[in-house]
Amino acid sequence: MCIRDRPNIFLRSRNSAEKTRRFGLTSLNNSRKRIGNSRSFLGTQTYGSRNPVILSIRSNKKRRAGQSPLHTVQSVRNSDGAEKSLSLLNRGKDKLRSKQYSDAIVCFEKAYELDPKNAEALLYKGRALMDDNKLSKAVQTLERAIAKNPNSKPAHHLLAAAYRSLKNAKKALESLNSALSIDGSYLEALISRADLYMSINEWAKAKEDFEAVARIAPKNSQVYLSIAECETKLGNTKEAVSYTHLRAHETSLHLVCRLLLEKKKKKKK
């Protein structure tokens, strides 16, 4: 075999090396592309600004980072204070039901100290002071409760009762009007105002309130007797008779109705 017929080993090896180099570059380029794609994916999904979930996480982290440890501790203390305040409020109610007025007042005061937003603690403190016959202090406390919660119907109603006990009909009437301006169908305030009108001889206004009560609570037999009394005071005897006969047969108060009618007949004679 001559040298020309021999296979060119060097050429073959050179071709193999060239293929290997080319394949290596291709693989390297492909791997770089894959890495680049993964980086771009990570960039858009985690560190970019287009993923709303990641954005919210980042914003929450920034918010938490901006809060001081003191702010966190304060919020925990506030929640603990509110829970303790509620517990003391319930304990005070139990004391009030058992007529332990001094202990109830202490519980309500501590409840309010722990949670100054707890206007109910002031309301019940005023109630306890009234029951303990400390009327002036009750008025002050109830006025503070109304300042905290102006739309509290029971606070206005209790304040009216305190003023009436202090013989201040004008202030009592103002408080009842405030309660009824919040809720015109507030039954307790309507009855209290009608009774107050009767005490100051405002019979027409008392009759109007009792009629409103009758519309709200038509089965309340006592209200018809009150309407009849107002009609009598206004000189409307026929209307008084109709009101008493209307409900007399339904209740055990028929005797009162009959005596009322007999009294009017005697006056006519």
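These exercises walk through the helices of a predicted model.

Residues are numbered from 1 along each chain as its sequence is written. In this predicted model local features need pLDDT of at least 70, side-chain atom pairs count only at pLDDT 80 or more, totals for chains, interfaces and linings use all residues, and side-chain values use heavy atoms, with hydrogens and water left out.

**Exercise 1. Find how many helices and strands the protein has.**

Solution. Start with the elements, which are DSSP runs numbered from the N terminus: helices are H or I with at least four residues, strands E with at least two. The protein has 13 helices and zero strands. Next take burial, where buried means under 20% relative accessible area with a 1.4 Å probe, protein chains only. Of the 269 residues, 31% count as buried. Last come contacts, meaning heavy atoms within 4.5 Å. Among contacts with a separation of 6 or more, 42% join residues 24 or more positions apart.

**Exercise 2. Check the length of helix 5 against its expected span.**

Solution. Helix 5 covers residues 119–131, which is 13 residues. The expected span is 1.5 Å times one less than the number of residues. That gives 18 Å for helix 5, and its end C-alpha atoms lie 19 Å apart, which agrees. Its buried residues include Leu122, Leu123, Lys125 and Met130. Just after helix 5, asparagine 133 has a positive phi of about 65°.

**Exercise 3. Describe how helix 5 packs on helix 7.**

Solution. Two packed helices are described by the angle between their axes and the distance between the axes. Axes are lines fitted to C-alpha atoms, for helices over the stretch in contact, and angles run from 0 to 180 degrees between N-to-C directions. For helix 5 and helix 7 (residues 153–165), the angle is about 20° and the axes are 10 Å apart. Angles under 35 degrees count as roughly parallel, over 145 as roughly antiparallel. Helix 5 and helix 7 are therefore roughly parallel. Leu123, Arg127 and Met130 of helix 5 meet Pro154, Ala155, Leu158, Ala161 and Ala162 of helix 7.

**Exercise 4. Classify the pair formed by helix 9 and helix 10.**

Solution. Helix 9 spans residues 187–199 and helix 10 residues 203–216. Their axes come within 8 Å and cross at roughly 155°. Helix 9 and helix 10 are therefore roughly antiparallel. Residues of helix 9 in the contact include Leu187, Arg193 and Tyr197; those of helix 10 include Trp203, Asp209 and Ile216.

Notes. Buried means under 20% relative accessible area, exposed over 50%, partly exposed in between (1.4 Å probe, protein chains only). Angles under 35 degrees count as roughly parallel, over 145 as roughly antiparallel, 65 to 115 as roughly perpendicular and the rest as oblique.
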